[in-house]
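Subject: Handing over the structure

Dear colleague,

I am passing on to you the structure that we talked about, together with some notes to read beside it. Please open the structure first and keep it in view as you go through the notes.

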Amino acid sequence: PGWAKAHVRRGAALMALGRLEEAQRAYGRAAALEPGNAQLRQLASEAEEAATAVRGGEGGEGEGSNWVSVLKEEVRFRTYIELADDDDEAEALAAYARDLSSALDELREGGARLALRTGARGAAVDVTGVSAATAAGLTVEGTLRKSGRPVSVRLRHLTSYYDAEEHEGTAEQDALIRSEMASAAAEERLRLQRLSGAAGWCQLVKELGSEVEAAVGVGCELTRYPAVYVDKIEGVPLSQLLDAGSGCGGEEDETPSPERLEHEMSMIKAVATSCLLAMRGAAAVGLGFDGTAPFAEHVWVQGPPEGARRAADWSVVVGEVEPLEERDPSERFSAKDLVRSALGEWLREWWRSTAPKLSIVDGRTPHEGYARVLGRYGVLNWLLFGWADEQLDGESILQLVQHGPVSERSAEEREAAQRRWAAFTQEAFVRLGPRRFDEMNAQIGQMNDGEISVDDLLARARYFMCPDNEDLHAALGQMIRG
């Protein structure tokens, strides 16, 4: 027919059926009938891209087939759990993810083009590897084909029931499993939407935040999996950077250098600060950890391999929101969830393994280098020694970690400090002007959120305050430190 819309409808139906080359021709005819219609040219281009991708995967099990099923068949999850003791489940899951990623590489080397789409004709993601895996889910890394933006796809791959002996289930049991997978993905997406913009948390890919599935394969091989699309997290899990069982320096370093101790302590301080900020952000929207999480595997850390001396040198993200549960938003934020969590216990194990290496007796070490480092990180005692719940008010602990201990003040002293700060900000606004005053407040906000240290704040403030306002800069430093 000479009606473009009829060809568009035919193309859409053929795309849904996985008959991509026919869909490409249909969209092409529609675009030819209305050459000035940019939307039709876009549809034709997308259909051509999808058809080309499938042709590229015909030499192996790639985009034209369900590579997720191929991976699950080649790398059986149950084998890893059978080999692991209860205490080694995390290690077994890490090995499972590594072997899945290796199997993915073999498929690619065999000529497969590995990809998925956000629906039958949605945005294409070229898959590059597997970063995490469980019995029910895969986290695959990839890039958006059009923009090249790196993304992580959390894909719920369980489509049928099986018991411990891998006996197949009934149709009703299979349907229930698929429903549970969809519900789990929906709950994760909802939590991430509530935590949008919150410090310390992984974030949904902005343009894919409402997508609910990943379509793998085409035609009769097409399978839609519930999925969540998040920004790629840089770095590695904390469990790969610290050796909790052997302490500072790992099992091969019986006497770590003070520099190594500083490196690991600065990492722990960054992790503690970021987790507290993340917990505060979650508490503000009525969410909290379930009493066991976070785990060391949930916290992703990026930083210099050696030589870090400040918490600000590290970037830390909590990458798992599934263990969050509903909380009363009016409930006061507390650090006890972190102290009593698996991560808190893991860090205390690191300290118990580290202390003998530092020759600590009755809380002291004779080594001056160690003593200087430990003196700088006394603000972590609440975590490393597991303070009592009543001592773990969240805001007080966050203040301690970010700004150091402060002496107790009377109500009159607090009111006097507030008056001094009000007078300072009024004078700063007059002398600095609106633009530089706003810059000062932005830097103070970054310090309060743990993104920069006090020293960083004062160094940056010097740049836009001085030399004309040296006294104002000195007053800022006195109040911030005081």
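What follows is an account of what was found, taken one region at a time.

Please keep in mind from the start that this is a predicted model, and that the values below were computed from it.

Strands 2, 3 and 4

A good place to begin is strand 3, which covers residues 137-144 and has seven of its eight residues buried, so the strand is largely enclosed by the rest of the structure. On one side, strand 3 pairs with strand 2 (residues 124-133) in the antiparallel sense over seven bridges, and within this pairing A132 stands opposite T139. The link between strand 2 and strand 3 is a hairpin of three residues. Strand 3 also runs antiparallel to strand 4 (residues 150-156), to which it is joined by seven bridges, and here G137 has R156 as its bridge partner. This second pair is a hairpin too, with five residues between the strands, and G148 in its turn has a positive phi of about 80°.

Helix 4

In helix 4, which spans residues 67-74, the residues W67, V68, V70 and L71 are buried. These four cover an arc of only 160° around the axis, which means that they lie on the same side of helix 4. As general background, an α-helix has 3.6 residues a turn, so residues three or four places apart point the same way. At the start of helix 4, a side-chain oxygen of N66 comes to within 3.1 Å of the backbone nitrogen of V68.

Backbone values to look at

Most residues other than glycine have a negative phi, and most peptide bonds are trans. With that in mind, you may like to look at the peptide bond between A293 and P294, which is cis, with an omega of about 5°. P294 is found in the loop between strand 8 (287-289) and strand 9 (299-302). S359, although it is not a glycine, has a positive phi of about 55°, and D362, also a residue other than glycine, has a positive phi near 50°. S359 sits in the loop between helix 10 (342-354) and helix 11 (368-376), and D362 likewise lies in the loop between helix 10 and helix 11. S359 counts as partly exposed because its relative accessibility is 43%, whereas D362, at 76%, counts as exposed.

S341 and its surroundings

Is S341 buried or exposed? With a relative accessible area of 2%, S341 is buried, and its place is in the loop between helix 9 (336-339) and helix 10. A polar atom of the S341 side chain lies 2.7 Å from the backbone oxygen of L338, and the side chain of S341 also reaches the backbone nitrogen of L343 at 3.3 Å. Leaving aside residues up to four places away in sequence, S341 touches G291, T292, A293 and P294, and two of these names, A293 and P294, will be familiar from the cis peptide bond described above.

Salt bridges and cysteines

Side chains of opposite charge can pair when their charged atoms come close. A search of the whole structure finds 23 salt bridges. One of them joins R376 and E262, whose closest N and O atoms are 2.5 Å apart. Because R376 lies in helix 11 and E262 in helix 8 (residues 258-284), this pair ties together parts that are 114 residues apart in sequence. R376 is partly exposed, at 41% relative accessible area, while E262 is buried, at 2%. The side chains of E395 and R280 also meet in a salt bridge, at 3.1 Å from N to O. Since E395 belongs to helix 13 (residues 394-403) and R280 to helix 8, the pair ties together parts that are 115 residues apart in sequence.

In helix 14 (residues 411-448), R431 and E427 are four residues apart, so they are separated by about one helical turn, and their side chains meet in a salt bridge of 2.7 Å, N to O.

How many disulfides does the structure hold? There are zero disulfides. Among the cysteines, C202 counts as buried, at 3% relative accessibility, and C248 counts as buried at 0%.

With best wishes

Conventions. Residues are numbered from 1 along each chain as its sequence is written. This is a predicted model: local features need pLDDT of at least 70, side-chain atom pairs count only at pLDDT 80 or more; totals for chains, interfaces and linings use all residues. Side-chain values use heavy atoms; hydrogens and water are left out. Helices (H or I, at least four residues) and strands (E, at least two) are DSSP runs, numbered from the N terminus. Buried means under 20% relative accessible area, exposed over 50%, partly exposed in between (1.4 Å probe, protein chains only). Two strands pair if DSSP finds at least two bridges between them. The arc is that of the directions from the helix axis to the C-beta atoms. A polar contact is a pair of N or O atoms within 3.5 Å; within protein, one must be able to donate a hydrogen and the other to accept it, and residues adjacent in sequence count only if both atoms are side-chain atoms. A disulfide is a pair of cysteine sulfur atoms within 2.5 Å. Contact means heavy atoms within 4.5 Å. A salt bridge is a side-chain nitrogen of Lys or Arg within 4 Å of a carboxyl oxygen of Asp or Glu.
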